[in-house]
Each structure stands twice: as structure tokens, then as C-alpha cells.
Protein chains: 2
Amino acid sequence: MKLGTKQNGTRDGQLMVVSRDLKRCVEAGAQTPTLQSALDSWTGSAQALQKLSDRLNGEPGFGSDTSQVTWKAPLPRAYEWIDASSYIHHILLVRKARNAEPPKTLRTDPLIYQGGSGILLGPKDDILLTDTSWGCDFESEVAVILGDTPEGVKAEDAHKYVRLLCLVNDVSLRNLIPAELEKGFGFFQSKPASGFSPFAVTPDELGDAWQGGRIHLPLETKLNGSIFGNPDAGPEMHFSFFELIAHIAKTRSYTAGTILGSGTVSNEDRSRGSSCLAERRMIEQIDHGKMETPFLSYGDTIRIEMRDAAGKNIFGTIEQKVVPAKA
Amino acid sequence: MKLGTKQNGTRDGQLMVVSRDLKRCVEAGAQTPTLQSALDSWTGSAQALQKLSDRLNGEPGFGSDTSQVTWKAPLPRAYEWIDASSYIHHILLVRKARNAEPPKTLRTDPLIYQGGSGILLGPKDDILLTDTSWGCDFESEVAVILGDTPEGVKAEDAHKYVRLLCLVNDVSLRNLIPAELEKGFGFFQSKPASGFSPFAVTPDELGDAWQGGRIHLPLETKLNGSIFGNPDAGPEMHFSFFELIAHIAKTRSYTAGTILGSGTVSNEDRSRGSSCLAERRMIEQIDHGKMETPFLSYGDTIRIEMRDAAGKNIFGTIEQKVVPAKA
């Protein structure tokens, strides 16, 4: 099934069940007014939501038109947002771009950071940027939303805790990163609020494309209407979501609604383009001795979506514009 | 006023208003069943909560006995837990302990990290430790709980966003830190769930001790019943909470219920002891060439509290025991 959160003036919005073709939707009902409440009681609530999903997909005319709805992030505020960096090609390029060595444990120990999760942007929310000199960049990613996940979960059991999948635009302020990482405590100011796809879907909605904890489909990014990248999110995801879950669960447990991102999707094949500006800039540096593509400016729009083998949009579309933050 | 969260079998517990002497409490009422709901609607709800507080403090026999209640963390799950390291003496000692240089911007740019906030431990919750070789340590801290805080807040306006104060035991796995920080993305596995004082209090409850965004009172830590440290949390907090709020708000906004910690409270005066084992171990190394105090073992108990000038316990007591995690 596919779930989305309708803007209704509240902090957490109204949970909606959405048809497979993303055209019709229906309120999830009083037992699960929000996505967090559904995740909190998943064993009991998933079946009722599935029934609504079946009706939406099988009964023409059931539900209302999704185009009339303003969608928030599936979880407009989440208890944790954890982001990995699981595509080796991205790590190598981005570290090179900031003259940093890749970690020695690149292929054996996942890179991961804890991000801010109190305010998550909806798919059409503007990216409010105070200062373009901060070097604003997008990062197109896939993510899983977890159920209650106990400490010590092994990779082979991790599939049990994946409730939903979605897309993320992990906005980054590249020019703030070097000084921040230099201090040794990781990202903070350099990672403002991330944007999310309108819909989060259960793994079965992906069919065979969901395999071994990876999504084997291209993730398309457009910058100002032109294709910027469409790398496959599957084969080059070095640590699968299942391995990432085992990694984060080594020393603690997670509450339902924890979101775990893949990191910027990236392929070695240059014809697939990139999922962030930093990669393209580094490739320009390598090829021409000079970074030419600028970071995001006011008015730039970034569009991210993933289509299945039949060309159908799975998660809906992230489409965000960069605008000046109000003084 | 003083607020606490009663264990009632739900994830977020029942919000209770607590008397100044911590002896009596009363349910906060249907409009604010949880602390998060009160913070979400603070302008409207604070007055009603204050009335209950006034009755508890002025009307003998009103409310029920707090000793019958099991207290959870004030926010059993929070949307963000952000921890600074604002006591310079702590930074210098701990970096020395792991042979790391202090950052060049030590006194001008706050050290801060984003912690996991989906599961926060109650004041008497056990510290579940899978492996004692991880080097489990406590860190006694003070913290603020914020209301909705906009991007760009300046230090001089930051006081407007401080709703509550509380104590934290920021549990750390010291032996996992060096390899994790070496990767460049900050703490993750090395920071399991933190423990919280039973009560969070409005700034006015601290009287003159709350000055300039610092709490000018000693924070007492006992290890297995013996005083381990009682450093003053005020004068040596290099960046005040107001400066820390301005720092975190440079590039993003925060939702109500965001928790911001001070970092391990530490004084240069050695007679005040320490608020974590790592500091004492480093002092032993400097004085005797050898670290002698071990990290926490199963059965160890850590007790943290803060008393006012009259000796009255302000936030209630954190008292946690280290026990083996279930396999």
C-alpha cells in the first residue's frame, strides 16, 4: 500500500491511503489519524489500511482526487532521521572534492550520521536559504521507515523491521562542511531540513525491484527541468538497508518511525549522471581542472522521482525551489 | 512549575504537574495528556498548568503522592536531542585521553552533535550494556527543552525559546569513539540512549541560579554511592545555552520539544571532581602515568542530581544501574 500525509493545519497532518496510480486517496480513519500513530500500532493498523488500499485499487470512483491535496512529508516530524553514505562512488568523489581522505574502513564499516528530524520538508516545500555562499546542494536518496527495532538485530533479520520506503532530498550546505567536520563531531549546521517524497510505500509495492535490502530502479533527478542524473539505486549500494539496520542497532534500539537514508545514489558509469552537484563539480575538476557548475541559487528547482519498469511513478515527486529565507 | 511524565503503559506517558518540593503531583488534564502536547500548544497550555502548580504548592493535601509513581523521561521520545560540549576543561581532558587535538576553534565555535532521540531513558531505567569492553561511561549534564525556535535566532533573543530545564546522563561508549570519529561523520554507535531526570522545570523555578543562559549551581554525581563530582554548572560553561541556541539555529528551525544539552559539566578546580569517568582516567594518566578507574561494569550505579542553595532537590534524581542487555 501507499501512504501520504495531507496538510490539514496540524503539525502531523492527516494520514491518507493512496491508490497505486497515485490518483485517488482516502482518509486512513480515526484509529490512525497520523502516520506516526499507524507506525506505533502497525500490527493492528496495517490490515485496516490495506483494506482501504485494496478498495482504492479495485473500486473505481472510491476515494477523492489526490491532485487537490497539499502533501506534507509522510512524517512531518520524525523521532530519528539517520542518513548513511552507502554508495562508494559518491564517497570517493565527494571526499576528493574537499581534499579529504576516504576512511580506511570504507568497505567494511558504514558511514552514517544522525540528522535533525524535528522539521522535515514536504515534497513541494521551498528550500529556504539564507545565504547562497553556503554552497547549497541537493542529494537524491532512497530511505526506509522502520518499525520498533530492537538492539542487536542482525542483517538477516532486518527485513522484518522495514515498514515503508520513500525518497529524500538531503539538502546540504557544502561550504559549511569542511570547517564543521574539522571539529570532529560531524555534520550539524551543514545539514538543514531534508525534503521527502509525498508517498511512502510498503516494500511489496516495489515487487522484484526490492531485493536484498536494495531498490533496483533508477532514481531520476532533474535540475531546472533537465535530467541531472538517473543512477540505479540498487547494485552499487555497497551496504544494503539490512546491513545498515544491523549497524545502527549495534548499541541501541529504535522507536517506530525512525527514518534511515541510503546516502546520495551514485553510479560509476558517468552516463548515469549524478544525484548531487558536488559530484558533478568534482568530475569537472578532474576533467577540466576547474569546477564549473555552481551550487544552487535562488529560483533553482530540483525534481526527484523514481519510476518502475513500466514507467509508473512510485513515490510521487519531490519538486523543491530554492528561495531566500525571510530575514 | 515542575512537570514530569508518569508511566502509564503508553509510549508518551501521562503528563503530571509536580509540586516544588517534589512530593505531590496531579494529572495535567485532557488538553495536555503528554509533555509533547503541552509544548506543542505552550501559549495556551502553560497558564492552565501553572494554575495546577499553584494549587499543588499552596493547597495542602491537593494531588497525590509522587513516590507511588514510576517516572519516564519528561519526553520519553523527542523529535531532537542535540548535545553540545560547552565546558572547555572537559574537552581538553577528553581529547587528551584519546590523543586527539582540541579543535582550533575551541573558544569561538561550539562543539555540538546530533544524538538519537527516539528512545530516551527514564531516571531509574537500567543502562542495558551488551559488552563491557565498549567502555561504558556516564556524562552528567544540564539541558534545556525548547519551544518552536525559528532559524536565525540571535543569542540575545534565545531566552524566549527556553521552555524547561532538566538533567541528562549522556551515556557514552568510550572505546567505540576513536574509530567512529576517525571516519569523520561524528558519534553514532558510541552514543546509546541517554537518561533523564524525572522532572523538567520552568526557568523561574531556578530563581537567581538561572543567569545569562547558565545554571549557577553544582551538579552532583555519585558512583556506587560515593561522591564522584559536584562541579558548578555555571561559570565554566563557555558557551551559554543562549549562544548554543543561536549556533544551532543558524541554518534551520526547531520544533517544540527539541532538547539541547550542555555537555559534561566540568570545572578546572580538581577538588570538584568529575562528571564522567573519562576525565578522572585522564587525570590519573597525567598524575600517575596510568589510568586506574575502570569504565562501568554490571551492577554499577550512577546517581545525578542538582540541589538549590537551600539544599532542595530541583529536578529529582537520576539513578541508573548498568545491567547486561538481554541476548
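Let's start with who builds the wall of the largest cavity in this predicted model. In chain A, strand 6 (81-84) and helix 3 (88-97) each supply at least two residues of that lining. Helix 3 of chain A gives the most, with 4 residues.

How much space lies in there? The largest cavity holds about 160 Å³. Its lining is made of 19 residues, and the closest to the centre are Ser85(A), His90(A), Glu139(A), Phe187(A) and Phe185(B). Do look at the chain letters as you find them on the structure: Phe185 in that list belongs to chain B, while Phe187 belongs to chain A.

And what kind of residues make up the lining of the largest cavity? By class, there are 8 charged, 7 nonpolar and 4 polar ones.

Now, how do we find such places at all? Rolling a probe the size of a water molecule over the atoms shows where empty space is left. A search of the whole structure turns up 6 cavities of 30 Å³ or more.

Let's visit one of the others. The second largest cavity has a volume of about 60 Å³. Which residues line it? From chain A we have Tyr113(A), Gln114(A), Phe185(A), Gly186(A) and Phe187(A), and from chain B we have Tyr113(B), Gln114(B), Phe185(B), Gly186(B) and Phe187(B). Strand 7 (112-115) of chain A and strand 7 (112-115) of chain B each supply at least two residues of this lining.

How many of the residues around the second largest cavity are charged, and how many are nonpolar or polar? None are charged; 6 are nonpolar and 4 are polar. Compare that with the lining of the largest cavity, where 8 residues are charged.

Notes. Residues numbered from 1 in each chain as written. Chains lettered and ligands numbered in written order. Predicted model: local features only at pLDDT ≥ 70, side-chain atom pairs only at ≥ 80, totals over all residues. Heavy atoms only, no water. 1 Å grid on protein atoms, 1.4 Å probe; cavity = no way out; pocket = protein on both sides within 12 Å on 5 of 7 lines; lining within 4 Å. Points joined across faces, edges and corners; volume = space filled by probe spheres on them. Nonpolar A, V, L, I, M, F, W, Y, C, P; charged D, E, K, R; others polar.
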